[in-house]
Amino acid sequence: MTIDPVDVRDLLGQPGLSRRVRLKGTVEGLGTEVATLVPGEAVQGDVLLESVVEGILASGTLTGSLALRCARCLKEFDRPIAVEVSELFALAPDPDDEEVYALDPEGWLDPEQMVRDALGLELPFSPLHSPDCQGLCPVCGGDRNLGECPGDHPEVDPRWGDLELVLHELEDRI
């Protein structure tokens, strides 16, 4: 299921008219390695469609849920998302104007690209399951939040790392 197009023929060419619509549907394939929309869960929103001289102005709030992976400890968690939209749909948009969406020539408004763009811009780059997440230990890989890291690893200057490998190889031969 995707977000269904909306018939706006009754609004076209009549500036000042408006109507509210309820958008609901899934948006597939939107996400990054650490943030995606919850698969199969609907994105929804109440959107006001206003007829303006240039076309149709769509404004409102879109809501949904994000499936996230903490950038420090890799714990998976969900978080709600709410995004305000205010976008113009025109019958004949300028091809160089990336801020205007095209209306179907038959009078249908397809909100899916607007929804994808609005939600895609709000995906967090580096989500954290909590602000005080301690992350994973870079030496042993233990989750510091769960006390899995003893914390007493010997500190080795990374500049001497290659020499330490040679030392271990020599010890193995003896």
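Leaving aside its neighbours within four places in sequence, which residues is Glu112 in contact with? In this predicted model, the partners are Thr2 and Ile3. Glu112 itself sits in helix 1, so let's start there, taking the helix at residues 112-121.

Glu112 is one of the buried residues of helix 1, and the others are Met114, Val115, Ala118 and Leu119. Look down the helix axis and these buried residues fall within an arc of 160°, so they line one face of the helix. That sort of spacing is easy to follow: an α-helix has 3.6 residues a turn, so residues three or four places apart point the same way. And what sits over that face? The cover on the buried residues of helix 1 includes quite a list of strands: strand 2 (18-25), strand 3 (35-37), strand 4 (43-52), strand 5 (55-69), strand 6 (76-90) and strand 7 (100-102).

Back to Glu112 for a moment, as there is a charge to think about. Glu112 is buried but has no salt bridge. The nearest side chain of opposite charge belongs to Arg116, and it is 4.3 Å away. A salt bridge needs the nitrogen and the carboxyl oxygen within 4 Å, so at 4.3 Å the Glu112 and Arg116 side chains don't make the cut.

So where do charges pair up? Side chains of opposite charge can pair when their charged atoms come close. Here the count comes to four salt bridges. Among them is the one between Arg9 and Asp7, at 2.6 Å from N to O; Asp7 is partly exposed, with a relative accessible area of 26%. Another joins Arg19 to Asp10, whose closest N and O atoms are 3.0 Å apart. Arg19 counts as partly exposed at 25% relative accessibility, and Asp10 also counts as partly exposed, at 42%. Then there is Asp46 with Arg22, where the closest N and O atoms are 3.1 Å apart. Asp46 lies in strand 4 and Arg22 in strand 2, so this pair ties together parts that are 24 residues apart in sequence. Asp46 is partly exposed as well, with a relative accessible area of 41%.

Strand 2 leads on to a loop. Thr26 is found in the loop between strand 2 and strand 3, and it is buried, with a relative accessible area of 8%. The side chain of Thr26 also makes a polar contact of 3.4 Å with that of Glu28.

Now hop over to strand 6, where you'll find Phe77. Phe77 is buried, at a relative accessible area of 12%. Leaving aside neighbours within four places in sequence, Phe77 is in contact with Leu66, Ala67, Leu68, Arg69, Cys70, Pro127, Leu128 and His129. Pro158 is another matter: 81 residues along the chain from Phe77, its C-alpha atom is separated from that of Phe77 by 34 Å.

That leaves the cysteines. How many disulfides does a search of the whole structure find? It finds zero. Cys73 is in no disulfide, and the nearest cysteine sulfur, that of Cys133, is 3.7 Å away. Cys137 is in no disulfide either, with the sulfur of Cys149 as its nearest, 3.5 Å away. The cut-off for a disulfide is a pair of sulfurs within 2.5 Å, so neither distance qualifies. Both of these cysteines are tucked away: Cys73 is buried, with a relative accessible area of 7%, and Cys137 counts as buried at 6% relative accessibility.

Methods. Residues numbered from 1 in each chain as written. Predicted model: local features only at pLDDT ≥ 70, side-chain atom pairs only at ≥ 80, totals over all residues. Heavy atoms only, no water. Buried < 20%, exposed > 50% of the residue type's maximum accessible area, 1.4 Å probe, protein only. Helix = DSSP H or I, 4+ residues; strand = E, 2+ residues; numbered from the N terminus. Arc of directions from axis to C-beta. Contact = heavy atoms within 4.5 Å. Lys, Arg positive; Asp, Glu negative; His and termini not counted. Polar contact = N/O pair within 3.5 Å; in protein donor to acceptor, adjacent residues only side chain to side chain.
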